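Open your viewer and get ready to click along. We will go from stop to stop, selecting a few residues at a time.

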Amino acid sequence: SREERSLRQEVFAIHELAADHFHQAFKAATPVGDFMRAYWTGSRRFTPELADEFRIGAAAPADDGLGALLLRRKFSEDALRQCGLFFVRDGAMVALGSLKPRFRGRLMIPIRDHQGRVVAFTARQTELTPDDDPAREAKYVNSPETPIFTKGNLLFNLDRARTHVGEGKPFVMVEGQLDALRCWSVGLRSAIAP
């Protein structure tokens, strides 16, 4: 229906804005940005260029204004409830105080569909993940299923890897997103991950 298409378009737009928001936070000269870049280049041994290429991001340990940005852009209440980026209590009106960020203090890895559109995120726990995070003990937290993201229907990096496969060059399935990024960084461009 037109309403479903419109909702999906809004959720796609929200994810693009969120990916830019998290990536800018990663690049910012702030304590969070500095920490995440040091984690990316030091602990994980990835390059800044790879972070730019894949729009790696940073979610601050406290509310960093993503909800306020999206409210200013006048996204519908349905889209904000269903995008998966926030916890919103049932029955609560969608407003600045009711949009509680799902991802806090985590390294953000955008997940793209086969067309290259950001549809979800994988969020890696770091030392900045706050103690009151409901998923504090989980090393990785993924976006929940949304109108644009169904977990079992997507392979990480498929949009890029598919252009590097062919006769004698098969896809290479690896365990996780960072494994696929490691493969990409050393020239194995056909790596995908569930």
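Let us begin with two words for empty space. On a 1 Å grid over the protein atoms alone, a cavity is a set of points where a 1.4 Å probe fits but cannot get out, while a pocket is an open set with protein on both sides within 12 Å along at least five of seven lines; lining residues have an atom within 4 Å of a point. Grid points are joined across faces, edges and corners, and a volume is the space filled by probe spheres set on the points.

Before clicking, note that this is a predicted model, in which local features need pLDDT of at least 70 and side-chain atom pairs count only at pLDDT 80 or more, while totals for chains, interfaces and linings use all residues. Residues are numbered from 1 along each chain as its sequence is written, and side-chain values use heavy atoms, with hydrogens and water left out.

**Stop 1: the cavity**

A search of the whole structure finds 1 cavity of 30 Å³ or more. The largest cavity has a volume of about 60 Å³. To find it, select residues of its lining, including Phe 22, Asp 63, Leu 85, Arg 102 and Phe 103. The lining divides into 8 nonpolar, 1 polar and 3 charged residues. Here Ala, Val, Leu, Ile, Met, Phe, Trp, Tyr, Cys and Pro count as nonpolar, Asp, Glu, Lys and Arg as charged, and the others, Gly among them, as polar.

**Stop 2: the sheet**

Switch to a cartoon view. Helices (H or I, at least four residues) and strands (E, at least two) are DSSP runs, numbered from the N terminus, and two strands pair if DSSP finds at least two bridges between them. In which order do the 4 strands of the open sheet stand? The order is 1-4-5-6, with antiparallel pairing. Strand 1 (57-59) and strand 6 stand at the edges with a single partner strand each, so one side of each has no neighbour in the sheet. On average, neighbouring strands are turned by 35° against each other, direction ignored. For such angles, axes are lines fitted to C-alpha atoms, for helices over the stretch in contact, and angles run from 0 to 180 degrees between N-to-C directions.

Now select strand 4 (106-112). Of its 7 residues, 7 are buried, where buried means under 20% relative accessible area, exposed over 50% and partly exposed in between (1.4 Å probe, protein chains only). Strand 4 is joined to strand 1 by 3 bridges, and Ala 58 stands opposite Leu 107. Towards strand 5 there are 7 bridges; one place to look is Pro 110, whose bridge partner is Phe 121. Strands 4 and 5 form a hairpin with 5 residues between them, and Gly 116 in the turn has a positive phi of about 85°.

Next, select strand 5 (residues 118-125), which pairs with strand 6 over 3 bridges. Arg 124 has Tyr 140 of strand 6 as its bridge partner. Then add helix 2 (residues 31-43), which lies across strands 1, 4 and 5 and runs at about 70° to strand 4.

**Stop 3: the pocket**

The largest pocket has a volume of about 230 Å³. Of the 15 residues lining this pocket, select Ile 111, Thr 122, Asn 142, Gln 177 and Pro 194, which lie nearest its centre. Which helix gives the largest share of the lining? Helix 7 does, with 3 residues. Helix 7 (177-185) is a good next selection: among its buried residues are Gln 177, Leu 181 and Trp 184. Just after the helix comes Gly 187, whose phi is positive, near 100°.

**Stop 4: four single residues**

Select His 15 in helix 1 (residues 2-27). Is His 15 buried or exposed? His 15 is buried, with a relative accessible area of 0%. Contact means heavy atoms within 4.5 Å. Leaving aside neighbours within four places in sequence, His 15 is in contact with several residues, including Cys 83, Val 119 and Phe 121.

Thr 146, in the loop between strand 6 and helix 6 (158-161), is buried at 11%. With sequence neighbours within four places left aside, its contacts are Gln 82, Cys 83, Gly 84 and Val 119.

In that loop you will also find Asn 157, with a positive phi near 75°; Asn 157 counts as buried at 2% relative accessibility. Finish at Lys 74, in the loop between helix 4 (66-72) and helix 5 (77-82). Lys 74 has a positive phi near 65° and is exposed, with a relative accessible area of 71%.
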